[in-house]
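Thanks for coming. I will go through one structure today, starting with a helix and then moving on to the empty spaces and the metal site.

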Amino acid sequence: MYADLHSIPPHPLDEAALRTVDRAVAAMRRGEPVAVEGTDGSLCVALSVEMATSDSLARLKRTAGGEPVLAVTRRRAVVLNAMQEGTGVVTFAAPGGLCADDARALADPELRRGVALPAGLVAAVSEPGTREAAAVELARLGRLLPAAVVAPVTLRGDGIAWAQRRDLLHVRALDVTDYRTHAARTLRRVAQARVPLELAEATEIVAFRPADGGPEHLAIVIGSPDPAEPVLARLHSECFTGDLLGSLRCDCGDQLRGAIAEIARAGSGVLLYLAQEGRGIGLVNKLRAYRIQDAGFDTVDANEMLGFEADERVYLPAAEMLRQLGFGRVRLMTNNPDKLRELARCGIEVVERVPHVFPTNGHNEGYLRTKAERSGHMF
Ligand SMILES: Nc1nc2c(ncn2[C@@H]2O[C@H](COP(=O)(O)OP(=O)(O)OP(=O)(O)O)[C@@H](O)[C@H]2O)c(=O)[nH]1
Ligand SMILES: [Zn+2]
């Protein structure tokens, strides 16, 4: 569903377009409708499904003119047994119009446990680059449920002018699709400071921010790694529950502190602390995933039932940070084959995998077993 994050996007995305996408994501999170223009020039008005109420759907229909439909990821439609695997997103239209309760229940596994789809629902595929696919991507970028209510506009003339007259933010699907690639490529160092750590006194923290002001990523540089040599490195995805609270549901806290200690023992290295909580789905969706897991599903199923892929992370930001720090070759501390493959695809030479395994704790066996059995992690 997502653009290939490693190719240089076909069209240069100027920073104004990045900022527009960022504003559209924030609007989605606030429950404001956004005008989304597909690459075919068609226009819709979109709303995050989490904010769908009978009033907001009625307003959407009055504004756009067309009947609102629900757009979900292909993955969610497959979970609902409404569609086979494939690309793009899937829209659901209901005869007589989709009600807000049905829209939310179709998108949110918490609201629908195995209940049959509403009668008469019509499912259709909408390919990448369409206004519907971009509306779903905006919700996903906003770390909301990856689904949007979309009302088509019978457009006469210029979409931007149409949106302006209605005081709606206008965003192009083209810019939404390539947002993550461009945001990663615009990362710039914005601050750095010496921060002696209990486990590694010779530590400096370097902060990187994308041009649109999106989430920062951090590099924790320990000692003075020699750029001429492969640097001992760890790509660590943010895990609020594991890293800060010592959650026993995962192994992140052990891996974070274990990596800092190991790099200190080795004398130097870098830990990239990446703003990709919940394997890229965000903390709120990760809590939703935990509730689904408490109902007996595993960590992969839970992501998919929410409409996400098993892993939504991208490693272009990590590669960009390593490049800017002067590290082109790494010895990567990981058990995750995806990280090895994806980092290499982003142009960083991974000369060695350094296993990064920690004992289970009575709560995270299932999680670690699933990562080994279904995600190929090497324990
Ligand atoms: N969606 C989801 N994310 C989870 C769950 N448990 C942990 N996570 C997230 O998974 C990520 C773990 O990241 P890492 O430890 O860096 O990477 P990894 O994929 O486990 O691979 P390693 O490099 O071998 O540690 C963090 O973002 C956690 O918040 C879960 O049950 N569901
Ligand atoms: Zn964790």
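Helix H5 is mostly covered, with eleven of its eleven residues buried. This is a predicted model, so please keep that in mind throughout. The buried set in H5 includes charged side chains as well as nonpolar ones: among them are Arg131, Glu132, Glu137 and Arg140, alongside Ala133, Val136, Leu138 and Leu141. After H5 comes Arg143, which has a positive phi, near 55°.

Arg143 takes us to the largest pocket. Its space is about 600 Å³. Lining this pocket are 26 residues, and those closest to its centre are Leu141, Arg143, Arg180, Pro215 and Ala275. So which elements give two or more residues to that lining? They are helix H1 (15-30), helix H5 (131-141), helix H8 (179-185) and helix H11 (277-280). H8 gives the most, with four residues. Sorted by class, the lining of the largest pocket has 13 nonpolar, eight charged and five polar residues.

Where does this pocket sit relative to the domains? Domain 1 (15-182) and domain 2 (187-276 + 313-375) each give residues to the lining, so the pocket lies between them.

Next, the enclosed spaces. There are two cavities of 30 Å³ or more in the structure, and the largest has a volume of about 380 Å³. Its lining has 28 residues; nearest the centre are Cys252, Arg279, Arg313, Tyr367 and Lys371. Strand S11 and helices H10, H11, H12 (283-294), H13 and H16 (365-375) each give two or more residues to this lining. The most come from H12, which gives four. By class, the lining of the largest cavity has eleven polar, nine charged and eight nonpolar residues. H11, then, is on the list for the largest pocket and also on the list for the largest cavity.

Cys252 leads to the metal site. Which residues coordinate the zinc ion, ligand 2? The donors are the SG atoms of Cys239, Cys250 and Cys252, at 2.2 Å. Their spacing in sequence is C-x10-C-x1-C. Cys239 is in the loop between strand S11 (231-237) and helix H9 (240-244), while Cys250 is in the loop between H9 and helix H10 (252-266), eleven residues away. Are these two cysteines buried or exposed? Both Cys239 and Cys250 are buried.

Now the annotations, which come from an unreviewed UniProt entry. That entry lists Asp311 and Arg313 under "active site". Of these residues, Arg313 is included in the lining of the largest cavity, and Arg313 is also among the residues nearest the centre of that cavity. Asp311 is in the loop between helix H13 (299-305) and helix H14 (316-325). Asp311 has a relative accessible area of 25%, so it counts as partly exposed; the limit for buried is under 20%.

The same unreviewed entry carries the annotation "domain: GTP cyclohydrolase II" for residues 189-355. In the model, that span is 37% helix and 26% strand, and its end C-alpha atoms lie 29 Å apart.

To recap: there is a pocket between domain 1 and domain 2, a cavity with Arg313 in its lining, and a zinc ion held by Cys239, Cys250 and Cys252. That is all I have.

Definitions and conventions: Residues are numbered from 1 along each chain as its sequence is written. Chains are lettered from A and ligands numbered from 1 in the order in which they are written. This is a predicted model: local features need pLDDT of at least 70, side-chain atom pairs count only at pLDDT 80 or more; totals for chains, interfaces and linings use all residues. Side-chain values use heavy atoms; hydrogens and water are left out. On a 1 Å grid over the protein atoms alone, a cavity is a set of points where a 1.4 Å probe fits but cannot get out, and a pocket is an open set with protein on both sides within 12 Å along at least five of seven lines; lining residues have an atom within 4 Å of a point. Grid points are joined across faces, edges and corners, and a volume is the space filled by probe spheres set on the points. Ala, Val, Leu, Ile, Met, Phe, Trp, Tyr, Cys and Pro count as nonpolar, Asp, Glu, Lys and Arg as charged, and the others, Gly among them, as polar. Domain bounds come from an automatic or database domain assignment. Donors are N, O and S atoms within 2.8 Å of the metal (3.2 Å for Na, K and Ca); water is not among the atoms, so sites may look incomplete. Buried means under 20% relative accessible area, exposed over 50%, partly exposed in between (1.4 Å probe, protein chains only). UniProt positions are given in the numbering used here, feature names are shortened, and annotations may be inferred rather than shown by experiment.
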